[in-house]
Amino acid sequence: MILIVDDKPENLIAMRKTLESRGFQTDTALSGELALKKALKQAYDLIILDVQMPEMDGFEVAEAMSGHSKTKDIPIIFLSAVNVSKEFITKGYASGGRDYLVKPFDTDILVLKIQTFIKLSRMQRSLQEEIERRKEAENKKNEFISIASHELNTPLTSVKGYLQLAGLSLAKGKAEEATTFVERSKKQVDKLNGLVADLLDTTKIEAGKLKFNYTHFGFAALLQNAIDNISQVYTGKNITVTGASLENISVYGDENRLEQVLLNYLSNAIKYAPDSDHVTVDISLAANNHIKIGVTDYGIGISPDRQKQLFDKFYRVEENSHRFQGLGMGLYICAEIIKRHQGTYGVKSEPGKGSTFHFCIPINAQSEQQTDLI
Ligand code: ADP
């Protein structure tokens, strides 16, 4: 949309007609003040500004516009029949105009100038947006580095502390106490190991290099392994398996990667439910020969507006991010693993009550007959 500013209605009508006949959309203002008001309200692509107007002349309008963030980048072309001397033309450019045309002028040339200025200003806008997006990516990267360093530093500091304590215990001849400290430091090393592995997986996903090793395997053993693993790390937590039997259910996939998904769901179910000691794993056979695994906790839950982003890279629910440690990579990696198994995933949750994270993957053709019997 082009704004035409002139105090003479006949000039406005003539210019409007000319530009609209060339396919431009136009708006008009009969004074400098009105032009300023309109430009602050609506986004114009270009302004054609008469120089000589009573009260606020064209130069004053251009100067005022250059002071507002909303209007400062709108290209202005001055038009004048009277002020044609070099002094006025200089003033026109100094006040922020892109061009200064003196009447009479060639309409074709005016149209070419308008097209060029509009094109240039669009290019400038998209470049600015691009710069902003860069800047934004840079800020995100810095924020991530700062969180990641903190997350890595915490277990590392603990390891250092426990090993010092173990050394002191040994010096005092208290071997049993020393063993306890070494055990504790081992847990922190495992945590570090997990963080570094997640970081590596995330980088591999980005590069399309996350490798999968597909085999046929029984799903029951995988689930039991995952539960045993988690129970060893989080003692005192009760994990119950309900639903369909997994006997004879074989899956064609990457066993370690699918176990990684279960471990992540289970450890989150424990982490985000600090006041509950119970987790349920529900198995069901879904349509089209799929198996569905749901992990339910009775923890803090997630509000509906946050649920969509949970599987995004580095996403963490902000309200809880200070209370619980993490980098927001686990569910992103899970999503990638499940997708690579032609599966689906999702969450159902109620704040304050708990969450169920599920995933659904195909049972391989080989086990089709067996599952029909279940
Ligand atoms: P992390 O736990 O390291 O932050 P995840 O990718 O595993 O990373 O999870 C992303 C976010 O999803 C978590 O930060 C948390 O806000 C939320 N979340 C995941 N699992 C649960 C759960 N069981 N209950 C509540 N919130 C959860």
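Q: What makes the side chain of Asn 264 a polar contact of the ligand?
A: A polar contact is a pair of N or O atoms within 3.5 Å. An N or O atom in the Asn 264 side chain is 3.5 Å from a ligand oxygen, so the pair counts. Mind you, this is a predicted model, where local features need pLDDT of at least 70 and side-chain atom pairs count only at pLDDT 80 or more, while totals for chains, interfaces and linings use all residues. Residues are numbered from 1 along each chain as its sequence is written, and side-chain values use heavy atoms, leaving out hydrogens and water.

Q: How do you know that Asn 268 and Lys 271 make polar contacts too?
A: Asn 268 has a polar side-chain atom 2.8 Å from a ligand oxygen, and for Lys 271 the distance is 3.0 Å. Both values are within 3.5 Å, so both pass.

Q: Which element gives the most to the shell around the ligand?
A: That's α8, with three residues; helices are DSSP runs (H or I, at least four residues), and α8 spans 255-271.

Q: Why are ten residues of the shell called nonpolar?
A: Because they belong to Ala, Val, Leu, Ile, Met, Phe, Trp, Tyr, Cys and Pro. Asp, Glu, Lys and Arg count as charged, and the others, Gly among them, as polar; the shell has three charged and seven polar residues.

Q: How confident is the predictor in the chain, by mean pLDDT?
A: On that scale (per-residue confidence, from 0 to 100), the mean is 92, and 97% of residues reach 70 or more. Residues 365-374 stay under 50.

Methods. Polar contact = N/O pair within 3.5 Å; in protein donor to acceptor, adjacent residues only side chain to side chain. Helix = DSSP H or I, 4+ residues; strand = E, 2+ residues; numbered from the N terminus. Contact = heavy atoms within 4.5 Å.
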